[in-house]
Amino acid sequence: MIFAHGSLLPDSRLPGLLAGLEGELNAALAGPPLPAETVLAALDALGRRLAAGEFDALLRRFLPAGELARLGEVLPLFTRDVLEEKLRAELGPERFSPRERRQTTARFLPLGVLLHVAAGNQPGLGLFSVAEGLLTGNVNLLKLPREDKGLSLAALSLLTEAAPELAGFVYAFDLPSSRTAELTALAGLADGIAVWGGDGAVETFRHLAPPGCRLMEWGHRLSFAYLSGPPAAQELDALAAHIAATGQRLCSSCQVIFLDTGDFSAARAFAEAFLPRLERAVLARRTGPWESARAALSGYTAFLERVTAGREPGEAFFRGRGCSVTARPDRELELSPMEGNVLVKPLPRSELLPVLRRQKGRLQTAGLLCAEEEREALTALLARAGVTRITRAGRLSDAFPGEGHDGEYPLRRYLRVVDVEN
Amino acid sequence: MPSRQALFWHPRPYDLPASDALFLRAAADNCAYHIAHCPGYAAICRRLDFDPKSLRSTEDLARIPVLPTLLFKREALFSMPERRMAMRVTSSGTSGTFSRIGFDWGSLLAEVPMVLRLGARHRLISGVPAHCVVLGYQPHRDNHAGVTRTMYGLTFFSPPLSRTYALQRRGTSYIPDLDGAAHALERLAASPFPTRVIGFPSYLWFGLQQLEALGRTVRLRPGSRIILAGGWKEHGAQEVAKSALYAAAERVLGVPPDHIHELFGAVEHPVFYNACPNHRFHVPIYSRVLIRDPETLAPLPMGEVGLINLISPLMTATPTLSVMTDDLGYLEPGDACGCGIPSPALTIVGRVGMSDIRTCAAGAAELLGKGEMG
């Protein structure tokens, strides 16, 4: 399906639509600008209706079981308060107002046409990306991920139904990445491309983007917890709850718990002691045998992989019900087996920066557990090492109003500055 | 390996107690062979402290290290150089990952009596020539999928007069041609010979619905059969009640339920499972099945749902002696079925869905070579 002009069209209309798209986009850009207030009101109204469960029955048709709850993770972003806070934090209190310079006036205009390439691992991501594009007044072309069975299309329909003035600013295409001719055509029309997803997607669109097209890469990231000194029991429980809740499937999910020590036996002892906490957190969320089976298969397979590769001796694998904790003596930040199978490693603070620098460009969140008097020093160290978010234990995946995204303010990148001589 | 051939040539395919001793001997020999020839497998047995000499009773089978099929997707585990293998086959990975499994000549030899015996028992083998309509892939030397070879092999259960494929090879890819298959069925209904429809259940269901909607029902010759292989999960179709599928097959093609055969197998466990008349998969003597607790992987009692652990000493090229699929299922006592087959029956509840997980964090590690540096 295609979404254009505020309605759903069959894929058979794609060639015709593409042929006339440049003219349509030019008309939208030439027309009256899209006021941020219109977008704020429309997104807020949609967010309210989604949060109230008004469309749950409809959404269930598009989302696999359990994913409806994960949609809830992005819904808080669609409220007027949060969106206004985002505008203020990213653009300053003046928002889009022109700034007077000595001889010129700086005006802030939309970049123009944005192509959004959504990833499939978080329902609602495409909608979120388009919302950022709309807030900055851009015309948006959304390439849907394979996993999106209609959620984005349904949400965009609801959005433009309530605010028909947005209809000319949103298009969505259910195009697989293999349709390079069509994607090249879309990329050729775009002033900027926001690509979410894996290295493959990022590489593909780096190649498709014509020179001069602004590329916003929201690629995959790795996150971890850093623990210094004896932690409070409730902090460890919060961390365990975070691991269980996210299934370690998000960029911000904790993959490795690093301990501020060079002593592997301490890591091993911590892993053993952490297992019952993680087990409690996992079992508290368990809804059936499926998650447990997924967790057990992931953890056990990863263990066997290490054994066959001859890398397991020296490690300590503690298997619990529906989860596991593995202590490894090396210091690298790496992907865990996920699904509630976390890694524990020693990493004294003196080695933190060189180790994390090896993953530069991929670092995201650090959940920091330490004494209050140490907090600022360790925060500064983590920030210097390249981490872009530092949170309390268990809040790694929380969305905070006004926060940046992977070290950037996206709205700024979706705008351009026009200097006009006075 | 003589102990393997002794098991596979045993005359009573569903008499588990009579074959227990043969099975244990073959399993112990198989395990020892893999330990001697596959360093990765040997490391696993050493780490889990398992010695095949300790296999004395069927209860001991649970202690054989169980390898998830997921492991074969991530690691190339072989007990034989490729030049000595008869063939290499891949599982049908849904998102680009699949197991690579080698077959030795001895396993192919052992499969002959198994397939003949079970084929005869379930009335799949017939001397009457038949036309075949395959609702699956057209074979090609570049297609190593186990299911493609299985469906091709199934066309030989009666002398094949013709073969029509619903998934046709065009260049390097496959294009679906259900319409061509529908035309073939209409044409073959007028043939003096019966027709055999072999394929994925989801394709059959989809095809039957299309034909019925278009009013193109046919009556295939008496003696025509439908053979379903490959499982539902293959093409993401919604699983439908078997009774609905069977009723549709009779309405649209004129094939009665007792002429519909369902098969089950996996490239990592290529044992020829046939559904009984009550649509249950009874465990044949070449295989033993354990159901494991999804939380602890400990064996579960009969009737409880868990991960499916399939054990067979069939293969020596790949250490698939004891494998765990990512399906959930349960076992029932054979005599509860009522079909007369005494061995326990396996029911598959569904797939855990490991391959559907595409995470953003996982992608980060891809470029880093499985997430490890230095």
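**Exercise 1. A bridge at the edge of a sheet**

Task: Which residue is the bridge partner of R170(B) in strand 6 of chain B, and where in its sheet does strand 6 stand?

Solution:
- Step 1. Start with the pair itself: R170(B) has S173(B) as its bridge partner in strand 6 of chain B. Keep in mind as you look that this is a predicted model.
- Step 2. Now widen the view to the two strands. Strand 5 of chain B, residues 160-170, pairs with strand 6 of chain B in the antiparallel sense, and four bridges join them.
- Step 3. Place both in the sheet. In chain B, seven strands form an open sheet in the order 6-5-4-7-8-9-10, and the pairing is mixed.
- Step 4. Read off the ends. Strand 6 (173-176) and strand 10 (269-274) of chain B each have a single partner strand, so they are the edges, and one side of each has no neighbour in the sheet.
- Step 5. Add the twist: from one strand to the next it averages 25°.

A reminder for this exercise: strands in a sheet pair through backbone hydrogen bonds, in a parallel or an antiparallel way.

**Exercise 2. A covered strand in chain A**

Task: Find out how many residues of strand 5 of chain A are buried, and which strands pair with strand 5.

Solution:
- Step 1. Count along the strand. Strand 5 of chain A covers residues 113-117, and five of its five residues are buried.
- Step 2. Sort the side chains by direction. On one side you find V113(A), L115(A) and V117(A), while L114(A) and H116(A) point the other way; all are buried.
- Step 3. Look for one partner. Strand 6 of chain A, residues 139-143, runs parallel to strand 5 of chain A and is joined to it by five bridges. Within this pair, L142(A) stands opposite H116(A).
- Step 4. Look for another partner. Strand 8 of chain A (residues 192-197) is also parallel to strand 5 of chain A, with four bridges between them. Here G192(A) is the bridge partner of L114(A).

**Exercise 3. Buried or partly exposed?**

Task: Decide whether L127(A) is buried or exposed, then do the same kind of count for R416(A).

Solution:
- Step 1. Locate L127(A): this residue belongs to helix 6 of chain A, residues 125-135.
- Step 2. Count its neighbours. L127(A) has 30 C-beta neighbours inside 10 Å, and therefore counts as buried, since the cut-off for buried is 20 or more.
- Step 3. See what L127(A) touches. Leaving out residues up to four places away in sequence, its contacts are S152(A) and A155(A).
- Step 4. Turn to R416(A), which sits in strand 17 of chain A, residues 415-421. R416(A) has 16 other C-beta atoms within 10 Å, so this residue is partly exposed.
- Step 5. With residues up to four places away left out again, R416(A) touches L109(A) and L111(A).
- Step 6. Try a distance. From R416(A) to A327(A), the C-alpha atoms are 48 Å apart, with a sequence separation of 89 residues.

**Exercise 4. The nonpolar cores**

Task: Which residues of the largest nonpolar core touch the most other members?

Solution:
- Step 1. The largest nonpolar core has 155 residues, and those touching the most other members are A225(A), L278(A), V344(A), A27(B) and L135(B).
- Step 2. Ask which element gives the most to this core: helix 12 of chain A (residues 289-308), with nine residues.
- Step 3. Zoom in on V344(A). Beyond its neighbours within four places in sequence, its contacts include I257(A), L259(A), F270(A) and V325(A).
- Step 4. Do not stop there: a second, separate core has 62 residues, among them A118(A), V202(A), F205(A) and L411(A).

**Exercise 5. Two domains in each chain**

Task: How far apart do the C-alpha centres of the two domains lie in chain A and in chain B?

Solution:
- Step 1. Divide chain A: domain 1 is 2-220 + 406-421, and domain 2 is 222-391. Their C-alpha centres are 34 Å apart.
- Step 2. Four residues from domain 1 of chain A and five residues from domain 2 of chain A make the contact. On the domain 1 side, no residue is nonpolar, three are polar and one is charged.
- Step 3. Divide chain B: domain 1 is 2-111 + 276-356, and domain 2 is 123-264. Here the C-alpha centres lie 28 Å apart.
- Step 4. The contact in chain B takes nine residues from domain 1 and 11 residues from domain 2. Strand 2 of chain B (residues 87-90) gives the largest share of the domain 1 side, three residues.
- Step 5. By class, that domain 1 side of chain B has three nonpolar, four polar and two charged residues.

Terms used: Residues numbered from 1 in each chain as written. Chains lettered and ligands numbered in written order. Predicted model: local features only at pLDDT ≥ 70, side-chain atom pairs only at ≥ 80, totals over all residues. Domains from an automatic or database assignment. Contact = placed C-beta atoms within 7 Å. Nonpolar A, V, L, I, M, F, W, Y, C, P; charged D, E, K, R; others polar. Buried ≥ 20, exposed ≤ 12 C-beta atoms within 10 Å, placed from the backbone. Pairing = 2+ DSSP bridges. Axes fitted to C-alpha atoms, helices over the stretch in contact; angles between N-to-C directions. Core = buried A, V, L, I, M, F, W, Y, C linked by C-beta atoms within 7 Å.
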